[in-house]
Amino acid sequence: MAATYDFPSDLLTGQEELHQVRAELLALLKRLPWSVEPLDGFSDAGGWRKVERPASPGWAADEQAEVEKLRQRERELAVFVTCHRFWSEVTPPEKVDARMKLKHAHEDPS
């Protein structure tokens, strides 16, 4: 039988917010141009696969600020989750299993 863990509510909340921040950051990065700075487009067929990029207008200052804000929050949450006092109560052989269960704790079991 698989072990179950009694995760503290603040750890569950921190993990859920970490998932949300990462999803928001990923969605933002997909919408933004490929280059932070304005750059010309290019095409390179000399490698093992052809690489092409259109010209990039770069990111606006507010877009750069939003990305930095989300990355900073992601770092804060990652530190909070990984350094939470709960992990000192889990034996080393169980930590990987417990961490995986925490990552999926928000999912609907059905």
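The dialogue below considers how to read salt bridges, a helix pair and buried residues in this predicted model.

Q: How many salt bridges does the structure hold?

A: A salt bridge is recognised when a side-chain nitrogen of Lys or Arg lies within 4 Å of a carboxyl oxygen of Asp or Glu. The structure holds eight salt bridges. One of them joins the side chains of Glu 17 and Arg 73, with an N to O distance of 2.9 Å.

Q: Which parts of the chain does the pair of Glu 17 and Arg 73 link?

A: Once a pair has been identified, its two residues are to be placed in their elements. Glu 17 belongs to helix α1, residues 9-31, and Arg 73 to helix α2, residues 61-82. The two residues are 56 residues apart, and the pair links distant parts of the chain.

Q: Are Glu 17 and Arg 73 buried, partly exposed or exposed?

A: Relative accessible area decides the matter, and values from 20% to 50% count as partly exposed. Glu 17 has a relative accessible area of 28% and is therefore partly exposed. Arg 73, with 31%, is likewise partly exposed.

Q: With which residue does Arg 22 form a salt bridge, and what does the pair tie together?

A: Arg 22 forms a salt bridge with Glu 74, and their closest N and O atoms are 2.8 Å apart. Because Arg 22 lies in helix α1 and Glu 74 in helix α2, this pair ties together parts that are 52 residues apart in sequence. Arg 22 itself is partly exposed, at a relative accessible area of 41%.

Q: Where do Asp 97 and Lys 101 lie?

A: For this pair, the spacing in sequence is to be read together with the element. Both residues lie in helix α3, residues 92-103, and are four residues apart, which is about one turn of the helix. Asp 97 and Lys 101 form a salt bridge whose closest N and O atoms are 2.9 Å apart. Asp 97 is partly exposed at 31% relative accessible area, and Lys 101 is partly exposed at 28%.

Q: Which residues are joined into one network by salt bridges that share partners?

A: The network consists of Glu 17, Arg 73 and Glu 76.

Q: How do the axes of α1 and α2 cross, and are the helices roughly parallel or antiparallel?

A: The angle between N-to-C directions is the quantity to read, and an angle over 145 degrees counts as roughly antiparallel. The axes of α1 and α2 come within 9 Å and cross at roughly 150°. The two helices are therefore roughly antiparallel to each other. Their crossing is left-handed.

Q: Which residues make the contact, and how are they distributed by class?

A: The contributors from α1 include Leu 18, Val 21, Leu 25 and Leu 28, and those from α2 include Val 67, Leu 70, Leu 77 and Phe 80. By class, the contact has 12 nonpolar, two polar and eight charged residues.

Q: What does Leu 70 touch, and is Leu 70 buried or exposed?

A: Leu 70 is found in helix α2. Apart from residues up to four places away in sequence, Leu 70 touches Val 21, Glu 24, Leu 25 and Leu 28. Its relative accessible area is 5%, so Leu 70 is buried. The C-alpha atoms of Leu 70 and Phe 80 are separated by 15 Å, the residues being 10 residues apart along the chain.

Q: Where does Ser 35 lie, and why does Ser 35 count as buried?

A: A residue counts as buried when its relative accessible area is under 20%. Ser 35 lies in the loop between α1 and β1, the latter spanning 42-44. Ser 35 counts as buried because its relative accessibility is 8%. Neighbours within four places in sequence aside, Ser 35 is in contact with Ser 56, Gly 58 and Trp 59.

How values were computed. Residues numbered from 1 in each chain as written. Predicted model: local features only at pLDDT ≥ 70, side-chain atom pairs only at ≥ 80, totals over all residues. Heavy atoms only, no water. Buried < 20%, exposed > 50% of the residue type's maximum accessible area, 1.4 Å probe, protein only. Axes fitted to C-alpha atoms, helices over the stretch in contact; angles between N-to-C directions. Parallel < 35°, antiparallel > 145°, perpendicular 65-115°, else oblique. Left-handed = near helix turned anticlockwise from the far one by under 90°. Contact = heavy atoms within 4.5 Å. Nonpolar A, V, L, I, M, F, W, Y, C, P; charged D, E, K, R; others polar.
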